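The exercises below ask you to read a protein model step by step. Try each task on the sequence and the structure before you turn to its solution.

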Amino acid sequence: MSDFCPIKRFDHLEFYVGNARQAALYYSKCFGFTIAAYRGLETNSRATASYVLEQGEIRFVLSTGLTPDHPISKSVLKHGDGVAIIALEVPDVVRAYQETTKRGAVGAIAPTEARDEYGVLRYSAIHAYGDTLIEFVDRSHYAGVFAPGFEPRNLHTNRKGVGLKTIDHVVANVELGAMDRWARFFAETMGFNLLIHFDDRTISTEYSALMSKVMQDSTGAIKLPINEPALGKRKSQIEEYLEYNSGAGIQHVACTTDDIIETVTQMRAAGVEFLPTPKTYYENLEERVGKIDRSIDKLAELGILVDREENGYLLQIFTQPVQDRPTLFFEVIERQGAQGFGEGNFKALFIAIEREQSLRGNLAIATV
Ligand code: FE2
């Protein structure tokens, strides 16, 4: 059953932003990405400008519309800056499109071939939550820098990066009551399975709660958790997101590192802001999570969270939203055997998020 839509890996995430030139510099200087390719007016792209950023196996594409009526400009007006496309590398984009659409997915881009002197790049796309697209990409017959129309750039390659390696998971927030529908969508149209389900008893604070289902492909390489708000005394962080994003969309992107202390030290020095962790979190930390092969003082200084499971532990930290709207943020995660999502940190994490929400004036008593 699960083989009808085989996926190799995350190919890239495409962000629609208001000013791709400045955003590219932000992700380069603060997150350690290299600007590897560019497409814009100078390369005869009249309607959009795009920058391809690379680090480890991670590829982000930042795109902006050059006219007010371009769909990217309209998306940015509605949602603000954010992830618009989750692109997955597949062996066959025609089959991926046919198998998913015949099972109920709504097609967005019919199978297309783009050619230049470096070969042929094949792609197609379907609609997912909110205005997000899932794109299927086959670059097995393409040897160019990213896609036809792009030129190599290699800007800011003096940096070695900050150690970000792969995309671990990409999380969406959907409307109240829509989580099961989207979990079913991934199961039925793409053959994903449910890895884990967190209910509102697992993820709740005094004020708000959320529920989450983590969907993954047959290999486990693609993990797409889906959150929905649960009723609480106050407006939940998910509702705050849905309000400012004007609907469902990508809440956070988790990137792996082999050395979270080094990665976060560099990102902090470059100006990235992270969610603060209360000092009390580190009192009796080793009694709670067992022996950790790191300096607890260093983890406390940087605000890194720790969670222990049967098979090991993980270290994680979350950035503040990376734009003025309280929508998209990033997670940096180092897995030392643990395969979960930091369940033991949910409470501490959500209390920290609510403190920030309160500073934004968005933790009012819920009206529903
Ligand atoms: Fe996460």
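**Exercise 1. A turn after a helix**

Which residue just after α1 takes a positive phi, and of about how many degrees?

Solution. Before you begin, note that this is a predicted model, in which local features need a pLDDT of at least 70 and side-chain atom pairs count only at pLDDT 80 or more, while totals for chains, interfaces and linings use all residues. Residues are numbered from 1 along each chain as its sequence is written, and side-chain values use heavy atoms, with hydrogens and water left out. Helices (DSSP runs of H or I, at least four residues) and strands (runs of E, at least two) are numbered from the N terminus. Helix α1 covers residues 20-31, and just after this helix comes glycine 32, with a positive phi of about 80°. Within α1 the buried residues (under 20% relative accessible area with a 1.4 Å probe and protein chains only, where exposed is over 50% and partly exposed lies in between) include Ala20, Tyr27 and Phe31.

**Exercise 2. The metal site**

Find which residues coordinate the iron ion, and describe where two of them lie along the chain.

Solution. Donors are N, O and S atoms within 2.8 Å of the metal (3.2 Å for Na, K and Ca), and water is not among the atoms, so sites may look incomplete. By this rule the iron ion is coordinated by His169 through NE2, His252 through NE2 and Glu331 through OE, at 2.0 to 2.2 Å. Along the chain these donors have the spacing H-x82-H-x78-E. Histidine 252 belongs to strand β14 (residues 249-257) and glutamate 331 to strand β17 (residues 329-336), so that this pair, 79 residues apart, links distant parts of the chain. As a last step, check their surroundings: histidine 252 and glutamate 331 are both buried.

**Exercise 3. The order of a sheet**

Work out the order of the strands in the open sheet of eight strands, and then say which strands stand at its edges.

Solution. Two strands pair if DSSP finds at least two bridges between them. Following the pairs from one side to the other gives β11-β12-β13-β10-β14-β17-β16-β15, with mixed pairing. At the edges stand β11 (193-198) and β15 (305-309), and because each has a single partner strand, one side of each is left without a neighbour in the sheet. Neighbouring strands of the sheet are turned against each other by 25° on average, direction ignored; axes here are lines fitted to C-alpha atoms, for helices over the stretch in contact, and angles run from 0 to 180 degrees between N-to-C directions.

Now look at the edge strand β15, which is joined to β16 (residues 312-318) by five bridges in an antiparallel arrangement. Leucine 305 has glutamine 316 as its bridge partner in β16, and glutamate 309 is bridged to glycine 312. With two residues between them, β15 and β16 form a hairpin.

**Exercise 4. Enclosed and open space**

Describe the largest cavity and the largest pocket by volume and by lining.

Solution. On a 1 Å grid over the protein atoms alone, a cavity is a set of points where a 1.4 Å probe fits but cannot get out, whereas a pocket is an open set with protein on both sides within 12 Å along at least five of seven lines, and lining residues have an atom within 4 Å of a point. Grid points are joined across faces, edges and corners, and a volume is the space filled by probe spheres set on the points. The whole structure holds five cavities of 30 Å³ or more, and the largest has a volume of about 230 Å³. Among the residues closest to the centre of this largest cavity are Gln251 and His252, and α9 provides the largest share of its lining, four residues.

The largest pocket contains about 840 Å³ of space. Its lining has 45 residues, with Glu14, Tyr16, Ile72, Ile85 and Leu133 nearest the centre, and helix α2 (residues 71-79) gives the most, six residues.

**Exercise 5. A residue in a loop**

Where is arginine 325 placed?

Solution. Arginine 325 lies in the loop between β16 and β17. Its relative accessible area of 25% makes arginine 325 partly exposed. Although arginine 325 and glycine 80 are 245 residues apart in sequence, they are 7.0 Å apart in space, C-alpha to C-alpha.
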